[in-house]
Amino acid sequence: RRRRTQLKRSQMTTAEADPAPKTPPGLISKMSTVADPTPKTGLFGIVATEAGPTLKTPSGLLGTVSTVVSPLLSPILRWLAPAQARLLGRLLGGGYDGALSRAAVQESVKSAPVVVYSYRLSPFCVEAITVLRSAGVDESKLKIVEPGFAFFLLGPEGAATRASLGELFGQTSLPHVFIGGES
């Protein structure tokens, strides 16, 4: 069986074995097929030429770490987000109003063509924003929401935002990217 797999791999072309990174679906509108080297602005202000947009690919190390760490931490972080919001709301005042926080998140998600919930100290968040910028997302179309420096350095409002993201979209980890209001 191993030999068959090796044979199949050896018969693959270079393009099949190592495909080039693809543009995220729906992020760029189709460009004119006329041979024109001048840049065209597509959906969300992404600049593309006849050759297509140039994308920065995410770091291989971060991708590997994320693949291993995310499944392990996800259930813990999903439980921790609302508990953290309630605790910080009690300790630091103001309480935790889930309905108000969910409404604020829903409004924020629709406030720009591309919205990224991010932590300043997270290499994953920095990388996601870098990839979007390298894809040509116009700064005027990009909104970055930072509830805090990191999940363990959130105040009551940031913790409530993170809990609301989990309740509304099933994801408490950041970065959380919304394109056209869709997660």
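In this predicted model, helix 3 and helix 5 (residues 123-134) pack at an angle of about 125°. Their axes lie 11 Å apart. That angle makes helix 3 oblique to helix 5. The crossing of the pair is left-handed. On the helix 3 side, the contact involves L62, V65 and S66. Helix 5 contributes P123, F124 and E127. By class, four residues of this contact are nonpolar, one is polar and one is charged.

P123, one of the helix 5 residues in that contact, is partly exposed, with a relative accessible area of 44%. P123 is also placed close in space to a residue far along the chain: P175 is 52 residues away in sequence, yet the C-alpha to C-alpha separation is 9.6 Å. P175 sits in the loop between helix 6 and strand 5. The peptide bond from L174 to P175 is cis, with omega near 15°. In general, most peptide bonds are trans.

These contacts belong to a chain with six helices and five strands. From the N terminus, the order of elements is α-α-β-β-α-α-β-α-β-α-β. The chain has 183 residues, of which 30% count as buried. Among contacts with a separation of 6 or more, 70% are accounted for by residues 24 or more positions apart.

Helix 6 covers residues 156-169, 14 residues in total. From first C-alpha to last, helix 6 reaches 20 Å, close to the 20 Å expected at 1.5 Å a residue. The buried residues of helix 6 are G158, A159, A160, T161, R162, A163, S164, L165 and G166. They pack against two helices, helix 3 (60-92) and helix 4 (98-109). They also pack against strand 3 (114-119), strand 4 (142-148) and strand 5 (176-179). Just after helix 6, G170 takes a positive phi of about 75°. Most residues other than glycine have a negative phi.

Two packed helices are described by the angle between their axes and the distance between the axes. For helix 3 and helix 6, the angle is about 150° and the axes are 8 Å apart. The two helices are therefore roughly antiparallel to each other. Their crossing is left-handed. Helix 3 enters the contact through L77, A81, P82, Q84, A85, L88, G89 and L92, and helix 6 through P156, A159, A160, R162 and A163. The residues of this contact divide into ten nonpolar, two polar and one charged. An α-helix has 3.6 residues a turn, so residues three or four places apart point the same way.

Helix 4 meets helix 6 at an angle of about 75°, with the axes 9 Å apart. This makes helix 4 roughly perpendicular to helix 6. The helix 4 residues in the contact are G98, S101, R102, V105, Q106 and V109. Those of helix 6 are A160, T161, S164, L165, E167, L168 and F169. The class counts for this contact are six nonpolar, five polar and two charged. A160 takes part in the contact with helix 3 and in the contact with helix 4.

Two further residues show how the helices connect to their surroundings. S108 lies in helix 4. At 10% relative accessibility, S108 counts as buried. Beyond its neighbours within four places in sequence, S108 is in contact with V115, Y117, K143 and V145. T172 is placed in the loop between helix 6 and strand 5. With a relative accessibility of 6%, T172 counts as buried. Setting aside neighbours within four places in sequence, T172 is in contact with L77, R78, A81, Y119, R162 and G166. Of these partners, L77, A81 and R162 also take part in the contact between helix 3 and helix 6.

Key:
Residues numbered from 1 in each chain as written. Predicted model: local features only at pLDDT ≥ 70, side-chain atom pairs only at ≥ 80, totals over all residues. Heavy atoms only, no water. Expected span 1.5 Å × (residues − 1). Buried < 20%, exposed > 50% of the residue type's maximum accessible area, 1.4 Å probe, protein only. Contact = heavy atoms within 4.5 Å. Axes fitted to C-alpha atoms, helices over the stretch in contact; angles between N-to-C directions. Parallel < 35°, antiparallel > 145°, perpendicular 65-115°, else oblique. Left-handed = near helix turned anticlockwise from the far one by under 90°. Nonpolar A, V, L, I, M, F, W, Y, C, P; charged D, E, K, R; others polar.
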